[in-house]
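User: I would like a close look at a single helix and at what surrounds it. Please take the reasoning step by step and keep the wording careful.

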Amino acid sequence: METNKSTIFKKRSATNLVEKSIISAQFIKVCEQLRKDGKFHSEEEFCENYGYSRKTVNHIKKGRQNVSIDLLYEVVLEWKINPYFIFGLSEDVYAK
């Protein structure tokens, strides 16, 4: 029996869509919180601020790509994001 190696290790949801990693999912929550707090007006502005394509957050949100370590690192340091939140271990977005 042959298997397709490109799909064998992908996590699938109940609707057979590829799921994002927990870190990328939490990153999206951070982006949404920063927008709610008025730090950015749009996802495009957020991406351009860090030198990424305007659609980067949209691609991460739709599961097409995961957040890069560099982008995650910059956002966590600049906005003092709680590292435990990134790993899904805390409900507090910001570090105290």
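What follows concerns helix H5 and the parts of the chain around it. Which residues of H5 are buried, which helices do they pack against, and what else is found in those helices?

Analyst: The model is a predicted one, and its secondary structure comes to 6 helices and 0 strands, in the order α-α-α-α-α-α along the sequence. Of its 96 residues, 28% count as buried. Among contacts with a separation of 6 or more, 45% join residues that are 24 or more positions apart.

Helix H5 spans residues 69–79, and its buried residues are Leu71, Leu72, Val75, Val76 and Trp79. Seen down the helix axis, these buried residues fall within an arc of 125 degrees, so they line one face of H5. In general, an α-helix has 3.6 residues a turn, so residues three or four places apart point the same way. On the other side of H5 the exposed residues are Ile69, Asp70, Tyr73 and Leu77, a list that includes nonpolar side chains such as those of Ile69 and Leu77. The buried residues pack against H2, H3, H4 and H6, and the rest of this answer takes up features in or beside those helices.

Trp79, one of the buried residues of H5, also belongs to an aromatic cluster, which it forms with Phe27, Phe40, Phe46 and Tyr50. The whole structure contains 5 aromatic pairs. One of them joins Phe40 and Tyr50, whose ring centres are 6.5 Å apart and whose planes are inclined to each other by 50 degrees, a tilted arrangement. This pair links distant parts of the chain, since Phe40 is in the loop between H2 (22–36) and H3 (43–49), while Tyr50 is in the loop between H3 and H4 (56–61), 10 residues apart. Both partners are buried, Phe40 with a relative accessible area of 6% and Tyr50 with 9%.

In H2 there is also Gln26, a residue that counts as buried at 5% relative accessibility. When neighbours within four places in sequence are left aside, Gln26 is in contact with Phe85, Ile86 and Gly88. Of these, Ile86 falls within the range of H6 (83–86).

The helices H3 and H4 are also linked by charged side chains, and the structure as a whole holds 5 salt bridges. In general, side chains of opposite charge can pair when their charged atoms come close. Lys61 and Glu43 meet in such a bridge, at 2.3 Å from N to O, and the pair links distant parts of the chain, with Lys61 in H4 and Glu43 in H3, 18 residues apart. The two partners differ in accessibility, because Glu43 is buried at 17% whereas Lys61 is partly exposed at 30%. Apart from residues up to four places away in sequence, Glu43 touches Arg35, Arg54, Val57, Asn58 and Lys61. A second bridge joins Glu44 and Lys55 at 4.0 Å, N to O; Glu44 lies in H3 and Lys55 in the loop between H3 and H4, so this pair ties together parts that are 11 residues apart in sequence. Glu44 is partly exposed at 23% relative accessibility, and Lys55 is likewise partly exposed, at 40%. A further bridge is formed by Lys96 and Asp92, with their closest N and O atoms 3.4 Å apart; salt bridges that share partners also join Arg35, Glu43 and Lys61 into one network.

The end of H5 deserves a separate remark. Just after H5, Lys80 takes a positive phi of about 55 degrees, although Lys80 is not a glycine. Its place is in the loop between H5 and H6, and at 58% relative accessibility Lys80 counts as exposed. Farther along the chain, Phe87 lies in the segment after H6 and counts as exposed at 52% relative accessibility. Together with Tyr84 and Leu89, Phe87 makes a nonpolar surface patch of about 390 Å². Over its whole surface the protein exposes about 6900 Å², of which carbon and sulfur atoms supply 52%.

To return to the request, the buried residues of H5 line one face of the helix and pack against H2, H3, H4 and H6, and Trp79 is both buried in H5 and a member of the aromatic cluster.

Methods: Residues numbered from 1 in each chain as written. Predicted model: local features only at pLDDT ≥ 70, side-chain atom pairs only at ≥ 80, totals over all residues. Heavy atoms only, no water. Phe/Tyr/Trp six-rings, centres within 6.5 Å; stacked < 30°, edge-to-face > 60°. Helix = DSSP H or I, 4+ residues; strand = E, 2+ residues; numbered from the N terminus. Buried < 20%, exposed > 50% of the residue type's maximum accessible area, 1.4 Å probe, protein only. Patch = residues over 30% accessible without salt bridge, like charges linked within 9 Å, V, L, I, M, F, W, Y side chains within 5 Å. Areas by Shrake-Rupley, 256 points an atom, 1.4 Å probe, with all protein chains shown as cover. Contact = heavy atoms within 4.5 Å. Arc of directions from axis to C-beta.
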